[in-house]
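Colleague: I should be grateful for a close look at a single part of this model, followed outward into its surroundings. Please begin with what covers that part, and then set out how the rest of the chain is arranged around it.

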Amino acid sequence: MYDYVIVGAGSAGCVLANRLSEDPDVRVLLVEAGPPDTNENIHVPLGYLQLGATEVDWDYHSAPEEHCDGRRIVLPRGKVLGGSSSINAMVYIRGNHLDYDEWGVAGWSWADLAPYFIKAEDNERGASELHGAGGPLPVSEERSHNRISHAFVEAGVEAGLPRNDDFNGPTQDGVGMYQVTQRGGMRASAAVAYLRPAMERPNLEVLTHMQVNRILFDGTRAVGVEASRLGEPRELRAEREVILCAGAYNSPQLLMLSGVGEPEHLAMREIEVLLDQPAVGTNLSDHPATQLVWTTPEPESLLLALEPDALSEYEATQTGPFASNFAEAGGFARVGDGAPAPDIQFHAVPLQIIDEGAKDPEAHGIWVSPCLLTERSRGSVRLASKDPTAKPIVHNAFYSEGDDMQRMIAGLRLALDICARPALAKYCADPFNVPAGDSEEALRAHAARTTFAIYHPVGTCRMGTDAAAVVDEQLRVNGLEGLRVVDASVMPTVPRGNTNAPTIALAERAADLIRHGRALLGPAAQASADAEPAVA
Ligand SMILES: Cc1cc2nc3c(=O)[nH]c(=O)nc-3n(C[C@H](O)[C@H](O)[C@H](O)COP(=O)(O)OP(=O)(O)OC[C@H]3O[C@@H](n4cnc5c(N)ncnc54)[C@H](O)[C@@H]3O)c2cc1C
């Protein structure tokens, strides 16, 4: 018997396991479907490209995407301690202040969340008004120093974008080098940053290789989970709460497997309905991204890792290509009419990436990817079967709404402009995967042929104060007791940037809500909590 059963040891789950077990009187269980994070490709940053479709990846694909030539898009998700933070590209971005203010949910504005970004952060630049030092999450300068990445920044400036050496500072716009979640040239996943320091606590238990199949209820109160390890079923009981941290695909999957969802869909899968909640699994949003790839005659890219000196350099100083997070440089720009904040983000990788890394590079090269930050299209997560081991059906529905494709085309044009500027032109001499021409038709065809999801799914268990929201502003599942969702799935819309730091900040605040409850709520949220009495 535990007080809290946390399902999923990803970015959010590791934060909660640490923060909740700070109270020695509380018994916490963290349940993770994947293995411990012992694979060294997790920890040496360059190992990232070796992790796809291995035992630490759920290895999902989308359903055929109508506006992307009917392709099934690869959707990597971490299945290991640390979750997706153990297989991600380590870019440290908080998003734009507007993102949180636009959510319009009491307690989750930028002003509410900023203290949690700072509390989480251990930035090697030190503490300042906008940054934290001494928190659990290491944030450091990128240590690979590939010349192509610096050339991308110079070319962006030549194209008219401002230089920005802190995308998490006063303004997000511009080009620069990313800061990364690393310490000493090693990946700092949520497991490294939050879980390891708490592992020795006697009131925290961590079970790996343990997949949760469904939530157990007594009436409408969650009382535990049914899980299995190597086919052996187990029941794990929670006296206070079950907290789903299984991520934007698996948290809605678990709710639906437990009878919480749209009744017709559940009936089709022969699942008894516990709660009619049509919003579960809807409102999926991600960042569609396209890609431009060039072969370069200059021997400069991350293929330098194959040189005999590279490994010894990494072993001696944890610098050089093995320390690379891949997306070393990038930036933010506005392409939509009157955009109030950036709507395009660039990731520039000094490597010829083929098929998202599924094939080895053939030569030195560069990959530049513009992604759309504020997509209006919405997708869904649905069950393929009532079998908990069946992969969910994910529809991104990219480019199905509004002007998403037009803005992506504008982003592609800007990326092509940057790549043609003098600072970068010599690295972009030989096209490997670029549009057939510069007409709108050619750019649209290129986007349809190369778009992928840049791994930032959110929204499938949306929080809100309206009746249709899956969770309330305290992240409690509406209509049920003893059950919360705390992960990227509760974000109403995807922030303008990468989603690891936002998920960690969200989980930091959720931990405070769970531990200190009502005291943290502002007046509006307190009024709404009074209208719907708290159960936790
Ligand atoms: C390839 C890749 C690159 C990325 N690059 C970046 C980047 O550079 N910067 C950035 O900020 N963000 C990046 N992201 C996104 C970021 O990592 C995620 O948004 C963030 O980790 C999501 O956190 P989460 O807690 O919601 O889910 P996750 O971290 O995915 O955690 C969910 C956990 O739940 C477990 N789980 C799921 N179902 C069950 C079950 N039934 N039983 C038990 N356990 C279960 C999973 O195995 C996993 O450990 C990237 C993601 C990927 C996949």
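Modeller: In this predicted model, the buried residues of helix 1 are covered by elements that include strand 1 (2–7), strand 2 (28–31), helix 6 (190–195), strand 11 (204–207), strand 14 (232–244) and helix 13. Helix 1 is mostly covered, with 10 of its 10 residues buried. The buried residues are Ser11, Ala12, Gly13, Cys14, Val15, Leu16, Ala17, Asn18, Arg19 and Leu20.

Helix 13 deserves separate treatment among these covering elements. The axes of helix 1 and helix 13 come within 8 Å of each other and cross at roughly 35°. The crossing in which helix 1 passes helix 13 is right-handed. On the side of helix 1, the residues that take part are Ser11, Ala12, Val15, Leu16, Arg19 and Leu20. They meet Asn500, Thr503, Ile504, Leu506, Ala507, Glu508, Ala510, Ala511, Ile514 and Arg515 in helix 13. By class, the residues of this contact comprise 10 nonpolar, 3 polar and 3 charged. A general point bears on such patterns: an α-helix has 3.6 residues a turn, so residues three or four places apart point the same way.

The two helices also take part in the surroundings of the ligand. Helix 1 (11–20) and helix 13 (500–516) each supply at least two residues of the shell around the ligand, as do strand 12 (211–218) and helix 7 (247–257). There are 40 residues around the ligand, of which Gly8, Gly10, Gly83, Asn498 and Asn500 come nearest. Asn500 is thus named both here and among the helix 13 residues that meet helix 1. The shell is made up of 18 nonpolar, 18 polar and 4 charged residues.

Helix 7 can be followed further through Leu257, which lies in that helix. Leu257 counts as buried because 25 other C-beta atoms lie within 10 Å. Not counting residues up to four places away in sequence, Leu257 touches Asn213, Arg214, Ile271, Leu383, Lys386 and Pro388. Leu257 and Glu270 are 13 residues apart in sequence, and their C-alpha atoms are 9.9 Å apart in space.

The wider frame is a division of the chain into two domains. Domain 1 comprises 1–139 + 186–282 + 458–536, and domain 2 comprises 143–177 + 288–374 + 399–450. Their centres, taken over C-alpha atoms, are separated by 30 Å. In the contact between them, 21 residues of domain 1 face 25 residues of domain 2. The side of domain 1 that touches domain 2 divides into 14 nonpolar, 4 polar and 3 charged residues.

Two buried residues illustrate how distant parts of the sequence are placed. Ala448 lies in helix 12 (residues 440–450), and is classed as buried because 20 other C-beta atoms lie within 10 Å. Leaving aside neighbours within four places in sequence, Ala448 is in contact with His67, Cys68 and Asp69. The C-alpha atoms of Ala448 and Ser21 are separated by 47 Å, with their positions 427 residues apart along the chain. Leu75, in strand 4 (residues 74–75), is buried because it has 22 C-beta neighbours inside 10 Å. Apart from residues up to four places away in sequence, Leu75 touches Tyr60, His61, Ser62, Val394 and Ala453. Leu75 and Phe452 are 377 residues apart along the chain, yet their C-alpha atoms are separated by 8.5 Å.

A contrast with helix 1 is offered by helix 9 (residues 308–317), which is hardly covered: 1 of its 10 residues is buried. Helix 9 is followed by Gln318, whose phi is positive, near 50°. Further on, Phe326 occupies the loop between helix 9 and strand 19 (329–333). Phe326 is a residue other than glycine with a positive phi, near 75°, and is buried, with 24 other C-beta atoms within 10 Å. Ala53 likewise has a positive phi, of about 55°, although it is not a glycine. Ala53 lies in the loop between helix 2 (40–43) and strand 3 (60–61), and counts as exposed because it has 11 C-beta neighbours inside 10 Å.

Notes
Residues are numbered from 1 along each chain as its sequence is written. This is a predicted model: local features need pLDDT of at least 70, side-chain atom pairs count only at pLDDT 80 or more; totals for chains, interfaces and linings use all residues. A residue is near a molecule or strand if its C-beta atom, placed from the backbone, lies within 6 Å of it. Helices (H or I, at least four residues) and strands (E, at least two) are DSSP runs, numbered from the N terminus. Ala, Val, Leu, Ile, Met, Phe, Trp, Tyr, Cys and Pro count as nonpolar, Asp, Glu, Lys and Arg as charged, and the others, Gly among them, as polar. Axes are lines fitted to C-alpha atoms, for helices over the stretch in contact, and angles run from 0 to 180 degrees between N-to-C directions. A crossing is left-handed if the near helix is turned anticlockwise from the far one by less than a right angle, and right-handed if clockwise. Two residues are in contact if their C-beta atoms, placed from the backbone, lie within 7 Å. A residue is buried if 20 or more other C-beta atoms lie within 10 Å of its own, exposed if 12 or fewer, and partly exposed in between; C-beta atoms are placed from the backbone. Domain bounds come from an automatic or database domain assignment.
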